[in-house]
Every structure is written in C-alpha cells, then in structure tokens.
Amino acid sequence: MRRAAVVGAGAVLALAAVAVSSAGEAAAPGDDAGTRPMPDFLGRGLWRVFTRLPRRTRLDVHDVSGHDRRVLWPPSWQVCTQYPSAGTGLDRRTTVMIGVVRKGESCPPRVQSARR
C-alpha cells in the first residue's frame, strides 16, 4: 500500500512538471525571448494603454499634474509620460509606468521638458 502511494505521488509530480514546462513554452509563441516592443502612448488616451498592453503587464498609473488625483475612469485621462520608452522590449518582469493628466489639460512644463 505504501509503495502504491509513493508511485502515485511520483506520477503526479511528473505530470505537473510537464504541464509547467509546456505552459511556459506556449506563453510566448513567435516572440523573441518573450519580449514585445513597447508602443508609443504619449498624447494618447489612457484607455489605449489598457487595451494595447498584454493583460498581465504590471502597470503603474499616476497623475503628473501635481494634484495627486486618483485615476478612476481611464477614458477621461491622457498620457503625458511613459516608461519604458517606445520601442523598448517588454517582458513579464517589466513594470510600465504611465503619467497622466485629465483630458483637456496640458502636460505640466516640467514633464514636457523631461520627455526624451
């Protein structure tokens, strides 16, 4: 009875290892080393950021106007800054940082001069 339990547990571990390795291979088909280029979001709506980036991308969105407002409704905000810059490779470990202001407001001068 004890031997059957050990063999059964070994089989479960082997199947789990195969499932994990195959899931890792299927995660990024066609990508070079799992990276994608960062799109250019400057001047665009924040909603585009949410729809264009992969679902599991780590995202940090903050108000750069100096008012320290919470971003509750993405369609009413526009992008002033982004990190990493457009064209940089994104992988699963990269955190994308987006600085926004409300639509209709202009980006602060200190933010405009800091853009590259």
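This briefing covers the disulfide, the open sheet and one helix residue of the structure shown above. The model is a predicted one, and the values below are computed from its atoms. Its one disulfide joins C80 and C107, and its open sheet is built from three strands in the order β2-β5-β3. The strand β3, which spans residues 77-83 and holds C80, links the two topics, since β3 also belongs to that sheet.

**The disulfide**

- The sulfur atoms of C80 and C107 lie 1.9 Å apart, which places the pair within the 2.5 Å cut-off for a disulfide, and the count by this rule comes to one.
- C80 belongs to strand β3, whereas C107 sits in the loop between β5 (95-102) and α3 (109-114), so the disulfide ties together parts that are 27 residues apart in sequence.
- The torsion about the S-S bond of C80 and C107 is about -90°, and the disulfide is therefore left-handed.
- Both cysteines, C80 and C107, are buried, a class that requires a relative accessible area under 20%.
- A disulfide is, in general terms, a covalent bond between the sulfur atoms of two cysteines.

**The sheet**

- The pairing within the three-stranded open sheet is mixed: β2 and β5 run parallel and are joined by six bridges, while β3 and β5 run antiparallel and are likewise joined by six bridges.
- Strands β2 (58-63) and β3 stand at the edges with a single partner strand each, so one side of each is left without a neighbour in the sheet.
- On average, and with direction ignored, neighbouring strands of this sheet are turned by 30° against each other.
- Residue I98 of β5 has a bridge partner in Q82, and V61 also stands opposite I98.
- Another facing pair that involves β5 is formed by T81 and G99, with G99 being the residue in β5.
- As a general point, strands of a sheet pair through backbone hydrogen bonds, and they do so either parallel or antiparallel.

**T51 in helix α2**

- T51 is found in helix α2, which covers residues 46-52.
- The relative accessibility of T51 is 42%, so this residue counts as partly exposed, the class that lies between the 20% and 50% limits.
- A polar atom of the T51 side chain lies 3.1 Å from the backbone oxygen of R48, a separation within the 3.5 Å cut-off for a polar contact.

Definitions and conventions:
Residues are numbered from 1 along each chain as its sequence is written. This is a predicted model: local features need pLDDT of at least 70, side-chain atom pairs count only at pLDDT 80 or more; totals for chains, interfaces and linings use all residues. Side-chain values use heavy atoms; hydrogens and water are left out. Helices (H or I, at least four residues) and strands (E, at least two) are DSSP runs, numbered from the N terminus. Buried means under 20% relative accessible area, exposed over 50%, partly exposed in between (1.4 Å probe, protein chains only). A polar contact is a pair of N or O atoms within 3.5 Å; within protein, one must be able to donate a hydrogen and the other to accept it, and residues adjacent in sequence count only if both atoms are side-chain atoms. Two strands pair if DSSP finds at least two bridges between them. Axes are lines fitted to C-alpha atoms, for helices over the stretch in contact, and angles run from 0 to 180 degrees between N-to-C directions.
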